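The exercises below are meant to be worked through with the sequence and the model side by side. Try each task before reading the solution that follows it.

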Amino acid sequence: MTMAEVPVNPTSQFHDAIRQRVSKQQYDLWFKSIAVKAVEDGGVELSVANAFISEWLSSYYAEVIREALDKALTLSDDFAVEISAPAPEESSGGYAPIEMPAPVDTPAPDPTADNHQFFLQHSDVVLNPKYTFENFVAGPSNQLAHAAAMAVADAPAGSYNPLFLHGNVGLGKTHLLQAICHKAMQSGKSMNVLYLSSETFVNQFISAIGDGELDRFRYRYRNVDMLLIDDIHLLANKERTQDEFFHTFNALYNAGRQIVLSSDSPPGEIPTLKERLISRFKWGLVAEMAAPGYETRLAILRRKAADRGEQIAEEVLSFLAENIDTNIRELEGAVTKVVGYAQLIHQTVDISVAKRALGYRDSGRSPSVTGIERILDVVCKDYGVRITDLQGRKRTQSIAFPRQVAMFLARKLTPLSLEEIGGHFGGRDHSTVLYAVDKIRRRTTEDVDFARQVRRLELQTQGR
Ligand code: ADP
Ligand code: MG
């Protein structure tokens, strides 16, 4: 390709487009060093740090790169892409080993160096050193998945093949998959472990077809002892990739290799997943990871606090465990928020700090009738009206307005329902309360002075 030098450097646009398509880890590992050297209508020339990266990108990320270039630059439809690297004699040693981010905290992988080498070269993530079995808290919601994962890591291709883990986001699927990788590679046996997101499987497959390199693609996959694919539900609607995966699955399974899959739903509920794949996924063990119950949440919180070297009072932990019941990522986030907030305001973590950090009111969730009395009191004093006025039928502005402010505060500061609030204002119905709350809220967004005034009242009701 002969190309004109590029007058304006389009590298940064290209990098922006790449970053939208790949994970940060993939980006740091493979894409960071790419420079756009030349662009002309018929093609683009890219340069990278060494031949190893260039080969890797060509084999695995050709399609991703094309898409990014297409997005970033104005090109003709069938532009060519050339990836060049300094010739071996120019760069230090040609196939210079590519710089991998050093895994933090992992023990030196002496006897298992080859396992790690294989993993790093072929998988699309760098293992998170924290995603180990030691750091995983088992409870009734995830016990089966946890036990099966351990069994698979100890004795691959035994009873649980394939192992299929499914559950909602943030419940530990990726954590368990990576724990299997850690353990299998440390087993002291030689193990080719390959861990991929479904996305990468799809991307690699598509580029293999494009480049007429299906054979290489197949060899790469079928030559592993353990294949783990995270978020397999992303194969939904990808018919050809499903077919290819079906063959990969059979080849590995028949050769007695372990397959581990994770998904956001059970095999039969992944939309458009072909029947023959569904049935294969059920051959081994299908284990659900459900949302943890209170005790498990508490145990996880204790662990996360200890991991950070934080002493957090039991009362605070149980408050968090009671109130955050969606998933474990949220629980972790809550610990981070609370600890961070306490540091920011130079206080030790106590229940009131925790509530404020998470935006709860100090009254927590316990119904607080005193709360509403206090609100009535504060509002009456401020507007110079009587409580009986707020509870009566008068609708003159001088009464109706403070009444609406009081309703707004009641909604914001107490756990009472609209109905219950209405009850405290002379038995008004919930739509009246709703109207008031809406009106006042809107006004606080439009009128800074008024917002300040409401805020002052709010603080007063809390005795501040
Ligand atoms: P998923 O892949 O199911 O969306 P992840 O594996 O990414 O969920 O888990 C989300 C976060 O919660 C991770 O930081 C993980 O370490 C943590 N986590 C999940 N389950 C547990 C558990 N049982 N014990 C300790 N940490 C957990
Ligand atoms: Mg995940």
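**Exercise 1. The surroundings of the ligand**

Task: Find which residues come nearest to ligand 1, and then look for the polar atoms around its oxygen atoms.

Solution: Begin with the neighbours, keeping in mind that this is a predicted model. There are 17 residues around ligand 1, and those that come nearest are Val 137, Gly 170, Thr 174, His 175 and Arg 329.

Next, turn to the oxygen atoms of the ligand. A polar side-chain atom of Arg 329 is 2.7 Å from an oxygen atom of ligand 1, and an N or O atom in the side chain of Thr 174 lies 2.8 Å from an oxygen atom of the ligand. At Leu 171 the backbone takes part, with a polar atom that is 3.3 Å from an oxygen atom of ligand 1.

Finally, consider how much of the ligand is covered. On its own, ligand 1 has 560 Å² of accessible area, and the protein covers 95% of it.

**Exercise 2. The protein as a whole**

Task: State how many helices and strands the protein has, and what share of its residues is buried.

Solution: Start with the secondary structure, which consists of 21 helices and eight strands. Then take the 464 residues of the protein, of which 46% are buried. The area that the protein exposes is about 22900 Å², and carbon and sulfur atoms supply 50% of this.

As a last step, look at the contacts in the protein with a sequence separation of 6 or more: residues 24 or more positions apart account for 72% of them.

**Exercise 3. A ring pair in helix H10**

Task: Decide whether the rings of Phe 249 and Tyr 253 are stacked or edge-to-face.

Solution: A pair of aromatic rings is described by the distance of the centres and the angle of the planes. For Phe 249 and Tyr 253, the centres are 5.9 Å apart and the planes make an angle of 10°. Planes under 30 degrees apart count as stacked, and so the pair of Phe 249 and Tyr 253 is a stacked one.

Now place the two residues along the chain. Both belong to helix H10, which covers residues 239-254, and they are four residues apart, about one turn of the helix. Their exposure can be compared with the cut-off as well: buried means under 20% relative accessible area, so Phe 249, at 1%, is buried, whereas Tyr 253 is partly exposed at 29%.

To finish, widen the view. The structure holds 14 aromatic pairs, and ring pairs link Phe 249 and Tyr 253 into a cluster with Phe 164, Phe 201, Phe 205, Phe 217, Tyr 221, Phe 245, Phe 281 and Trp 283.

**Exercise 4. A threonine in helix H10 and one in helix H20**

Task: For Thr 241 and Thr 432, find out whether each is buried or partly exposed.

Solution: Take Thr 241 to begin with, a residue of helix H10. Its relative accessible area is 4%, and Thr 241 is therefore buried. Leaving aside residues up to four places away in sequence, Thr 241 touches Phe 201, Val 202, Phe 205 and Leu 235.

Then move to Thr 432, which lies in helix H20 (residues 430-446). With a relative accessibility of 33%, Thr 432 is partly exposed. The side chain of Thr 432 makes a polar contact of 2.7 Å with that of Asp 429. Measuring from C-alpha to C-alpha, one finds 9.6 Å between Thr 432 and Met 407, which are 25 residues apart in sequence.

**Exercise 5. Backbone angles in three loops**

Task: Which residues does the cis peptide bond join, and where are Asn 237 and Thr 272 found?

Solution: Most residues other than glycine have a negative phi, and most peptide bonds are trans. With this in mind, look at the cis peptide bond between Asn 161 and Pro 162, where omega is about -5°. Pro 162 lies in the loop between helix H6 (143-154) and strand S4 (163-167).

Asn 237, although not a glycine, has a positive phi of about 70°. This residue is found in the loop between strand S6 (226-230) and H10, and Asn 237 is exposed, with a relative accessible area of 62%.

Thr 272 is not a glycine either, and its phi is positive, at about 60°. The loop that holds Thr 272 runs between strand S7 (258-263) and helix H11 (275-281), and at 47% relative accessibility Thr 272 is partly exposed.

Terms used:
Residues are numbered from 1 along each chain as its sequence is written. Chains are lettered from A and ligands numbered from 1 in the order in which they are written. This is a predicted model: local features need pLDDT of at least 70, side-chain atom pairs count only at pLDDT 80 or more; totals for chains, interfaces and linings use all residues. Side-chain values use heavy atoms; hydrogens and water are left out. Rings of Phe, Tyr and Trp (its six-membered ring) pair if their centres lie within 6.5 Å; planes under 30 degrees apart count as stacked, over 60 as edge-to-face and the rest as tilted. Helices (H or I, at least four residues) and strands (E, at least two) are DSSP runs, numbered from the N terminus. Buried means under 20% relative accessible area, exposed over 50%, partly exposed in between (1.4 Å probe, protein chains only). Contact means heavy atoms within 4.5 Å. A residue is near a molecule or strand if one of its heavy atoms lies within 4 Å of it. A polar contact is a pair of N or O atoms within 3.5 Å; within protein, one must be able to donate a hydrogen and the other to accept it, and residues adjacent in sequence count only if both atoms are side-chain atoms. Accessible areas come from the Shrake-Rupley method with a 1.4 Å probe; for residues, only the protein chains shown count as cover.
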